[in-house]
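Biologist: Before I rely on any label attached to this model, I would like to hear the reasoning behind each one. Could we go through them in turn?

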Amino acid sequence: DGKVDAQPLYVSKLSVAGAVHDVVFAATEHDSVYAFDADTGTALWHVSLLPAGEALSDTHGCSQVTPEIGITSTPVIERGAGTHGTIFVVAMSKDASSNYHQRLHALDLTTGAEILGGPTEIVATFPAAAGGTTTFSPGQYEDRAALLLSNGTIYTSWTSHCDIAPYAGWIIAYSESTLARTGVLNVAPNSGAGPAIWMSGGGPAADA
């Protein structure tokens, strides 16, 4: 139901509706997440992360993600999280007042049901020069780099639409157990025009 820019993910020997499957998960720019049986191609479940009354993001006049922007970054899976395992996904949308939203979702791996009280709205501020503050503006960014899960923390990384100012290089972290924001870094809070974090769609790396 839309382009797949995020990398598909694979989980072996997952029990879904009482049967064991090898499962491929796919997320689309139409804000959908699918679970498919990897051997037969049968759809096991499908959920839309687009809230009622909202639409997919437009392209912002930028050709890098077209014709709509929904889920761009590769999700991350933690088999030990929640009752059956969890897939974490960031989805973008626009409401009826033309306000943009970026939201972090936690979905049950076997049903796609929203868990942990999610989704959580991605918001952040960070100190700037001379006592000022920079504020994360969800419409100015896309979550291009894959999500990173390390030591119980989910890291989201943000880039611009075709270097359209103003933008900066945000990394915003969340607890995998509560979806509460746990950390914010803006690597260029005083520039107004980057650098941003692209990673060619790959995820940030972390040591022990």
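Modeller: Let us begin with Asp37, which lies in strand 3, the stretch covering residues 32-37, and keep in mind that this is a predicted model.

Biologist: What makes you say that Asp37 has no salt bridge?

Modeller: A salt bridge needs a side-chain nitrogen of Lys or Arg within 4 Å of a carboxyl oxygen of Asp or Glu. For Asp37, which is buried, the nearest side chain of opposite charge is that of Lys13, and it is 10 Å away; set against the 4 Å cut-off, Asp37 therefore has no salt bridge.

Biologist: Which backbone nitrogen lies 2.8 Å from a polar atom of the Asp37 side chain?

Modeller: The backbone nitrogen of Asp39 does. Apart from neighbours within four places in sequence, Asp37 is in contact with His21, Asp22, Thr42 and Leu44.

Biologist: Turning to the rings, how many aromatic pairs does the structure hold?

Modeller: The structure holds five aromatic pairs, and one of them joins Phe25 and Trp45, with 5.9 Å from centre to centre and 55 degrees between the planes.

Biologist: Why is the pair of Phe25 and Trp45 called tilted?

Modeller: Planes under 30 degrees apart count as stacked and those over 60 as edge-to-face, with the rest called tilted; the 55 degrees between Phe25 and Trp45 fall between those limits, so the pair is tilted. Phe25 belongs to strand 2 (residues 19-27) and Trp45 to strand 4 (residues 43-48), so the pair ties together parts that are 20 residues apart in sequence.

Biologist: How do you know whether Phe25 and Trp45 are buried or exposed?

Modeller: Buried means under 20% relative accessible area; Phe25 has 2% and is therefore buried, and Trp45, at 8%, also counts as buried.

Biologist: What makes the pair of Tyr34 and Phe36 stacked?

Modeller: Their ring centres are 5.5 Å apart, and the planes differ by 10 degrees, which is under the 30 degrees required for stacking. Tyr34, at 17% relative accessibility, counts as buried, whereas Phe36 has 25% and is partly exposed, because the limit for burial is 20%. Elsewhere, ring pairs link Phe136, Tyr141, Trp158 and Trp170 into a cluster.

Biologist: Finally, how does the radius of gyration of the protein stand against that of a compact globule?

Modeller: For 208 residues, a compact globule would have a radius of gyration near 17 Å, and the protein has 17 Å, so the two agree. The protein has zero helices and 16 strands, and 48% of its 208 residues count as buried.

Key: Residues are numbered from 1 along each chain as its sequence is written. This is a predicted model: local features need pLDDT of at least 70, side-chain atom pairs count only at pLDDT 80 or more; totals for chains, interfaces and linings use all residues. Side-chain values use heavy atoms; hydrogens and water are left out. Helices (H or I, at least four residues) and strands (E, at least two) are DSSP runs, numbered from the N terminus. Buried means under 20% relative accessible area, exposed over 50%, partly exposed in between (1.4 Å probe, protein chains only). Lys and Arg count as positive and Asp and Glu as negative; His and the chain ends are not counted. A polar contact is a pair of N or O atoms within 3.5 Å; within protein, one must be able to donate a hydrogen and the other to accept it, and residues adjacent in sequence count only if both atoms are side-chain atoms. Contact means heavy atoms within 4.5 Å. Rings of Phe, Tyr and Trp (its six-membered ring) pair if their centres lie within 6.5 Å; planes under 30 degrees apart count as stacked, over 60 as edge-to-face and the rest as tilted. The radius of gyration is taken over C-alpha atoms; the globule rule is 2.2 Å times the number of residues to the power 0.38.
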